[in-house]
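Visitor: Can you walk me through the side-chain contacts in this one? Show me the model before we start.

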Amino acid sequence: MPGTLLIHAPVPLFQGPAGPWLERQAINGLRLWAENFDRVLVMLPMGAGAPPDGWEPLGLPDRVELHPLPMAYRPDRFARAYRGTRAQIRALIARADYLSFAIGGLFGDWGAVACLQAHAMRRRYAVWTDRVESQVTRQGAGAGPWRHRLRARLTWRPMAALERHVIRRAALGLFHGRETFDAYAPFCARPELVHNIHLARSDHIAPERLAAKADGAGSGPLRLVYAGRAEGMKGPDDWLRVMAALDARGMSFRAVWHGEGSARPRMQARIAALGLDGRVSAPGFASEPGAVLEALRTAHLFVFCHKTPESPRVLIEALASGCPIAGYDSAFARDLIAGHGGGALVPLGDAQGLADAIARLDADRAALARLIRSAAQDGAPFDDVSVFWHRSDLIKAYLGR
């Protein structure tokens, strides 16, 4: 029997005009969990203020229950909320047949608290994560305001210890992407490499459009795209260095960074200072559903400069859109294109090398056309129904009462 699944998701819930609102992809994920279990209990933090861009009214099946938890990422707030929230979590654990908790952080990491409570209650649980949070925090210790740097220096080691502590006690590790799997598998009794993607099979680029895209890649300005938060960990400064290097070569290209973030005003200022107006833009969040996928289907290359150990879903979305990935090497990116070579990777931090790789493809449009076809082949195995079915089967196999 499918039974009842309890999950912790760190995506904040917001109170909208006529009820609760949740991020668009998170809603899709809850629908897919509900297709694999009789009932789904969901713990997630409650945000304050108006819902951000990308959040929507829920519209979920009745068998999905939402259980808001306090947003308590400050030590004082976490201490005040801990006892009552721990009791709430224990009561939900007692109701569920299967337990799977997303972890990441230190103070306010209710997923880790849920892991500790499940262990104390002698219940088997799964840990899910899509990036090495402690290392992301560690790398953030060298940039930003002094308070941010100090907090990162003080917390990344306890964060790493907490990650390993709950992973060692987990009956199952669901690690999204090779980067995360390689980091955490040595500490887990049963590690599994999984993927988390919200891309329907119908969202993959159609064969006739792929053929037209590859055939049309022989001429015209090179179309470059990125989609993601404009934050330091995504490498926006390096990305602009790549664009400036391409411009210095006299290349004809257009590049767009889709996404909001604290670095976007600085990006816009640098675009103007570098004289890249008209060729490079950072328009912010793409609010129209499907706009990013359409941009990926149109672009020749997805250019990324990620600096931290994570497994960004957008690389899979790019490949499934017939958009080769060109960026900094990582275990995740390397694993995605191992089958058909649908991308070009350079060492971490080598912005000039990345510009050189893009310029070579611009000069050899036949090679670019082959790369476009290879990218679609690398992206073909991934769709949301399949990856949620895979994770659900692992949970049922190893976590029953």
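Guide: What follows covers ring pairs, charged pairs, cysteines and a surface patch. This is a predicted model, in which local features need pLDDT of at least 70, side-chain atom pairs count only at pLDDT 80 or more, and totals for chains, interfaces and linings use all residues. Residues are numbered from 1 along each chain as its sequence is written, and side-chain values use heavy atoms, with hydrogens and water left out.

Visitor: Rings, then. How many aromatic pairs does the count come to?

Guide: The count comes to 13 aromatic pairs. The rule takes rings of Phe, Tyr and Trp (its six-membered ring) with centres within 6.5 Å; planes under 30 degrees apart are stacked, over 60 edge-to-face, and the rest tilted.

Visitor: What about Trp33 and Phe37?

Guide: Their ring centres are 6.3 Å apart and the planes meet at 50°, so Trp33 and Phe37 make a tilted pair. Trp33 and Phe37 are both buried, where buried means under 20% relative accessible area, exposed over 50%, and partly exposed in between (1.4 Å probe, protein chains only).

Visitor: And how do the rings of Trp33 and Phe388 sit?

Guide: That pair is edge-to-face, because the planes are at 80°, with the centres 5.2 Å apart. Trp33 belongs to helix H1 (residues 24-36) and Phe388 to helix H15 (residues 384-399), so named from DSSP runs numbered from the N terminus (helices H or I, at least four residues; strands E, at least two). The pair links distant parts of the chain, 355 residues apart. The relative accessible area is 5% for Trp33 and 2% for Phe388.

Visitor: Which charged end sits over the ring of Phe388?

Guide: That of Arg391, 4.8 Å from the ring centre. The test is NZ of Lys or CZ of Arg within 6 Å of the ring centre and within 35 degrees of the ring normal. Phe37 has a charge over its ring too: the charged end of Lys396 is 5.0 Å from the centre.

Visitor: Which residues do ring pairs link into a cluster?

Guide: Tyr226, Trp239, Trp257, Phe302 and Phe304.

Visitor: Switching to charges. How many salt bridges does a search of the whole structure find?

Guide: The search finds 22. A salt bridge here is a side-chain nitrogen of Lys or Arg within 4 Å of a carboxyl oxygen of Asp or Glu.

Visitor: Where do Glu310 and Lys234 lie?

Guide: Glu310 is in the loop between strand S14 (301-304) and helix H11 (313-320), and Lys234 is in the loop between strand S11 (222-227) and helix H8 (236-248). Their closest N and O atoms are 3.1 Å apart in a salt bridge, so the pair ties together parts 76 residues apart in sequence.

Visitor: Is Glu310 buried or exposed?

Guide: Buried, with a relative accessible area of 8%. Lys234 is buried as well, at 7%.

Visitor: What about Arg178 and Asp182?

Guide: Both lie in helix H6 (residues 177-184), four residues apart, about one turn of the helix. Their side chains meet in a salt bridge at 3.7 Å, N to O. Arg178 is partly exposed at 26%, and Asp182 is partly exposed at 41%.

Visitor: And Arg297 with Glu294?

Guide: They form a salt bridge at 3.3 Å, N to O. Both lie in helix H10 (residues 291-298), three residues apart. Arg297 is buried at 14%, whereas Glu294 is partly exposed at 33%.

Visitor: Which residues are linked in a network of salt bridges?

Guide: Arg39, Glu65 and Arg95.

Visitor: Cysteines next. How many disulfides does the count come to?

Guide: Zero, taking a disulfide as a pair of cysteine sulfur atoms within 2.5 Å. The sulfur of Cys188 is 11 Å from the closest cysteine sulfur, in Cys115, too far for a bond. Cys323 is in no disulfide either, and its nearest cysteine sulfur, that of Cys305, is 14 Å away. Cys188 is buried at 10% relative accessibility and Cys323 is buried at 0%.

Visitor: Last one: which residues form a nonpolar patch on the surface?

Guide: Trp146, Leu150 and Leu154, with about 340 Å² of accessible area together. Areas come from the Shrake-Rupley method with a 1.4 Å probe, and for residues only the protein chains shown count as cover. Patches are made of residues with over 30% relative accessible area and no salt bridge, joining like charges within 9 Å and nonpolar side chains (Val, Leu, Ile, Met, Phe, Trp, Tyr) within 5 Å. Leu154 is found in helix H5 (residues 146-168) and is exposed at 58%.
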